[in-house]
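I opened the model to look at helix faces and helix packing. My entries follow.

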Amino acid sequence: MTLASFQSIAAAKTPERPNVLMISVDDLNHWVGHLGRNKQAITPNIDRLAAKGMSFHRAYSPSAICNATRAAMMTGLRPSTSGIYENGRDWRSVVGSGQSLPAFYKQNGYSVLGGGKIFHNDRVIRDEEWDFYLLAKTLKQKYQLEGQDKIDAELAKADGPSKKYKNGKLSIVQMATGDDAIWDYHVARWAADEVSKQHDKPFFIAAGIFRPHLPWHVPKKYFDMYPLDNIKIPPHIKNDLDDLPYEPSNKSEHDMILEEGSWKSAIQGYLASVTYADVQVGRILDALEQGPNADNTIVVLWGDHGWHLGEKHRWRKFALWEEATRTPYVWYAPGVTKPNSKTDTPVDLQSLWPTLAELTHTKAPDFVEGDSLVKLLSQPNASWTQPAITTQGFNNHAIRYQHYRYISYRQGGEEFYDHSNDPYEWYNKAGSDKYKAKQVELKAMIPSLNRQWQDAAKIYGGDPKYNKLKKSKMVTD
């Protein structure tokens with residue numbers, strides 16, 4: 001689809017259009033209070049948003065890597081359709097500027113503002129996408145800040161009251177500073193200012209919180225909320241890997257953490273970072289609720305994928321299991337959602353654009369994949385036949401449907417789990433006679449289209465000047 005045809009579908013501005021506040025939280029897995037997966041997690045602000053609206057308790061990312069999942073959500077194209085499977089691939093090399101979710105709202109008459117991490121790397125922002133973007137340079141100028149790299153370098157010296165250490169390769173610092181030593185504080189500060197204002201047009205405001213992405217450098221007071229002696233490690237079994245077609249790619253890191261005896265302190269660092277992020281979310285929500293836009297603003301909060309903390313003998317993401325793919329997904333839509341609504345129906349984050357389009361009375365472009373969740377937002381127990389799909393690399397897919405997960409690898413390996421009796425996916429039942437029919441059913445849901453990015457770029461008008469792979473300075477994993 002060309003940019004011209006993309007613009008032609010823009011609907012006329014109407015006064016009744018609701019605002020949109022989108023909050024993304026990087027590397028936030030399902031360890032938040034209201035989901036109950038880890039009851040240690042202290043996340044009162046995300047939980048109160050869930051209490052105010054609708055929470056999807058089984059929400060899954062389009063991919064288990066930052067760039068692929070964010071590109072999928074922001075371009076409307078699943079990784080298997082766009083060929084964007086890795087962190088280095090610039091989404092504009094496939095679809096071109098001006099054909100993204102923020103561009104869609106800009107072309108539909110919204111004031112489109114962003115800050116923090118929304119796309120994987122927003123250091124180069126195009127006018128086609130945003131009316132304003134709070135870049136690092138702007139952030140430093142606006143709030144007279146030192147660079148985050150300089151702050152991290154000072155913390156790394158660990159000569160003063162800050163405590164720095166590593167668990168495996170995980171960098172952790174108990175910072176002897178306030179919340180404002182981290183840029184997330186100022187992204188939240190900016191977003192809070194914006195949602196507090198009267199705007200001439202309906203707004204689409206996107207705020208990206210970077211923690212709990214590594215490094216886990218947050219003020220010491222957040223570590224103190226999780227005394228090390230009270231930390232509980234997640235359920236696990238010693239022979240978890242015996243029935244897998246392939247060994248996890250970074251099992252060595254888990255072995256290193258076990259050898260160091262630092263599993264609990266690593267979990268402490270993650271939980272402290274989660275709670276820090278939750279506090280920043282709360283500051284944005286407070287500003288919205290106390291301002292003039294509270295009654296006419298849709299709020300959606302999502303994590304871009306899950307994160308392993310020792311489950312299945314691995315750390316980080318980059319896998320197709322529950323821990324790497326499940327994330328919070330919370331909606332508040334005035335007049336649509338009801339307080340304390342929830343569903344266990346599996347859905348995926350590819351639903352973001354279609355759902356927002358329906359709620360804001362706009363028409364999503366034909367190329368946008370995924371299904372609108374408005375039916376479930378208003379009726380959490382409604383029937384739902386669409387699977388949640390996650391893709392990790394070329395032709396590697398997971399299907400989450402009902403209480404089952406099916407995984408298919410391009411090399412031919414398969415996994416199948418029944419969450420009704422195996423919520424931590426310890427027992428691979430692929431090939432089992434008991435689940436043969438169900439495995440065939442889920443296998444049929446695997447995407448039949450698996451593109452490389454070069455092929456997708458010819459269809460969607462990719463910009464060749466963004467073809468070169470670049471290593472992001474912001475994100476290293």
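I looked up the outer side of helix H11 (residues 251-260). Ser-252 and Glu-259 are exposed there (exposed is over 50% relative accessible area, buried under 20%, partly exposed in between, with a 1.4 Å probe and protein chains only). The model is predicted, with local features needing pLDDT of at least 70, side-chain atom pairs counting only at pLDDT 80 or more, and totals for chains, interfaces and linings using all residues. Residues are numbered from 1 along each chain as its sequence is written, and side-chain values use heavy atoms, leaving out hydrogens and water.

Next I listed the buried residues of H11: Lys-251, Glu-253, His-254 and Ile-257. They fall within an arc of 160 degrees seen down the helix axis, so they line one face of H11. The arc is taken from the directions from the helix axis to the C-beta atoms. I checked what covers these buried residues: the cover includes strands E6 (163-167), E7 (170-175) and E12 (315-316), and also H12. Gly-261 follows H11 and has a positive phi, near 65 degrees.

Then I turned to H9 (residues 183-195) and H12 (residues 263-290). Their axes come within 8 Å and cross at roughly 15 degrees. That makes H9 roughly parallel to H12 (angles under 35 degrees count as roughly parallel). The crossing is right-handed (the near helix is turned clockwise from the far one by less than a right angle).

Last, I noted contacts (heavy atoms within 4.5 Å). From H9, Asp-184, Tyr-185 and Arg-189 are among the residues that meet H12, whose side includes Tyr-276, Gln-280 and Arg-283. The contact residues divide into nine nonpolar, one polar and three charged.

Definitions and conventions
Axes are lines fitted to C-alpha atoms, for helices over the stretch in contact, and angles run from 0 to 180 degrees between N-to-C directions. Helices (H or I, at least four residues) and strands (E, at least two) are DSSP runs, numbered from the N terminus. Angles under 35 degrees count as roughly parallel, over 145 as roughly antiparallel, 65 to 115 as roughly perpendicular and the rest as oblique. Ala, Val, Leu, Ile, Met, Phe, Trp, Tyr, Cys and Pro count as nonpolar, Asp, Glu, Lys and Arg as charged, and the others, Gly among them, as polar.
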